[in-house]
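Please work through the exercises below with the coordinates open beside you. Each task is followed by a solution that proceeds step by step.

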Amino acid sequence: MKETKEDNILTTPVVAAAEEGRRLDKYLSDCFPEMSRSRLQKLITEGNVSADEVVVVDNARKIKAGDSFQVFVPEAEDAVPQAEDIPLDVVYEDNDLLVVNKPAGMTVHPAPGSRSGTLVNALLFHCRNSLSGIGGVRRPGIVHRIDKDTSGLLVVAKNDKAHGCLCEQFAEHSVERTYYAVVYGIPNPLSGRIEGNIGRSPYDRKKMAVLKNGGRFAATNYKTQEVFQMTAALVQCRLETGRTHQIRVHMSSIGCPLIGDKVYEKAHKSTHPATPEVRKYINSFPRQALHAATLGFIHPSTGKFLKFETDFPEDMVGLLSVLRGV
C-alpha cells in the first residue's frame, strides 16, 4: 500500500470496499510495514490516530470504505542509558541492523549494579542518529543476549521492522548459532543431543537447572572437537532453543561443566598429573570458556540468509594452547 507523509504525519490511502470490516490496527500495519503492530497499537491508544479529524483510540475499530487515517508519529525519545565512547568490534552493519563481536566481561544491557560500560551504552554512541527507534524510543533493539562472561556474536536491530523480524526468527528457533566450549572431562558419548527442561534451581534461585518438573524445554546438540589427555575437551554446541545459561547447564548435567564457570562447575577441577603451574592455569581460568562463534539469520529487508563467523578470543586461544601442551 502507498501512503503520504508530511512532517511526522502518515496518511493512509482511502479504504477500498474490499478492505471494509478489517481491524484498524491490522490495516495500519499493512500500510506502514516499517512499524511493528504493537507500536501502531500504542500510537492508537495514546490518541495519535485520527479519521476526518476525529481521534480514534480503539485498535479493534472496523474500518469502512472511504475512510482515510492520519497517524502522528512522535519523535523518538532519547533512551535512558547514556551513550558511551566504548570501542566495538563491528562485524557487519547496514541501515537495519548490525552484528557485533562482544568481548567477554561486557554486559549486554544496563541493569542494577551495571548501569554503564554495557553493549547498549556503546551502541548508542556508535549508532548515533542511525537509530530510527524501537517502540518509539531511540535505542538499539536487543534481539538476544549472551552472558557477560561469554564472548562472541550478537545481532542488534536499528528499527522496529528489523527488530520484529529478527525476534520472530529467534522465537521460531530458525536462527543458526554455533558455540564452542572448553569443558572439564570428556563427553560420553563424544557427540549427542541433550534434552532437559531448564528453569530456576529450587535450591539456589540465582542458578538455572535441569528440572524434572516445570521449566522450559531445551535442546542442545554437541560434538566433541578435540580431547586433551582425558582432562578436558573442546566441544561444539548448536542450540535448538535459547534458554538462560543453556549450554552451561546442559554440559554440567552430563558431567562436563565449562572450565572457568564458577556457577556450574561444582567441584570439577583438573586433576591430570600435569605440572602444578598448568593445573593452576586451567583451574583459575577467569570466565566460562564459551564463545559464540557463528550466527546466521535471514535479513529482514533483503530476505537473504546471512552468516557470520568469528575466531576465538585471545584468552581461549591461550587456554587451548596450554591444554594441547599437557
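The exercises concern confidence, one helix, the salt bridges, a loop arginine and the cysteines.

This is a predicted model, in which local features need pLDDT of at least 70, side-chain atom pairs count only at pLDDT 80 or more, and totals for chains, interfaces and linings use all residues. Residues are numbered from 1 along each chain as its sequence is written, and side-chain values use heavy atoms, with hydrogens and water left out.

**Exercise 1. Find which element of the chain has the lowest mean pLDDT and which the highest.**

Step 1. pLDDT is the predictor's confidence in each residue, from 0 to 100; its mean over the chain is 88, and 91% of the residues reach 70 or more.

Step 2. Among the elements, which are DSSP runs numbered from the N terminus (helices H or I, at least four residues; strands E, at least two), strand S1 (residues 4–6) has the lowest mean, 45, and strand S19 (residues 305–309) the highest, 98.

Step 3. Over residues 1–6 pLDDT stays under 50, and the model has 13 contacts beyond four places in sequence for them, a contact being heavy atoms within 4.5 Å. Where pLDDT is low, the predicted coordinates should not be read in detail.

**Exercise 2. Identify the buried residues of helix H2 and what they pack against.**

Step 1. With buried meaning under 20% relative accessible area, exposed over 50% and partly exposed in between (1.4 Å probe, protein chains only), the buried residues of H2 (residues 37–45) are Arg-39, Leu-40, Leu-43 and Ile-44.

Step 2. Down the axis of H2 these residues fall within an arc of 140°, so they line one face of the helix; the arc is that of the directions from the helix axis to the C-beta atoms.

Step 3. Their packing partners are helix H1 (24–31), strands S3 (49–51), S4 (54–56) and S5 (69–72), and helix H4 (160–171). After H2 comes Gly-47, with a positive phi near 85°.

**Exercise 3. Locate the partners in the salt bridges of Arg-193 and Arg-324.**

Step 1. A salt bridge is a side-chain nitrogen of Lys or Arg within 4 Å of a carboxyl oxygen of Asp or Glu, and the whole structure has 14 of them.

Step 2. Arg-193 pairs with Glu-240, their closest N and O atoms being 2.7 Å apart; Arg-193 is in strand S13 and Glu-240 in the loop between strand S17 (232–239) and helix H5 (246–253), 47 residues apart.

Step 3. Arg-324 pairs with Glu-226 at 2.9 Å, N to O. Arg-324 lies in helix H7 (residues 314–324) and Glu-226 in strand S16 (residues 219–228), so this pair ties together parts 98 residues apart in sequence.

**Exercise 4. Decide whether Arg-287 is buried or exposed, and trace its side-chain pairings.**

Step 1. Arg-287, in the loop between helix H6 (276–283) and strand S18 (290–298), counts as buried at 4% relative accessibility.

Step 2. Arg-287 forms a salt bridge with Asp-315 (2.7 Å, N to O), and Asp-315 is partly exposed at 27%.

Step 3. Polar atoms of the Arg-287 side chain also lie 3.1 Å from the backbone oxygen of Asp-149 and 3.0 Å from that of Leu-290.

**Exercise 5. Establish how many disulfides there are.**

Step 1. Taking a disulfide as a pair of cysteine sulfur atoms within 2.5 Å, the count is zero.

Step 2. For Cys-167 the nearest cysteine sulfur, that of Cys-165, is 9.4 Å away; for Cys-237 the nearest, that of Cys-256, is 10 Å away.

Step 3. Cys-167 is partly exposed at 28% relative accessibility, whereas Cys-237 is buried at 0%.

Notes. Polar contact = N/O pair within 3.5 Å; in protein donor to acceptor, adjacent residues only side chain to side chain.
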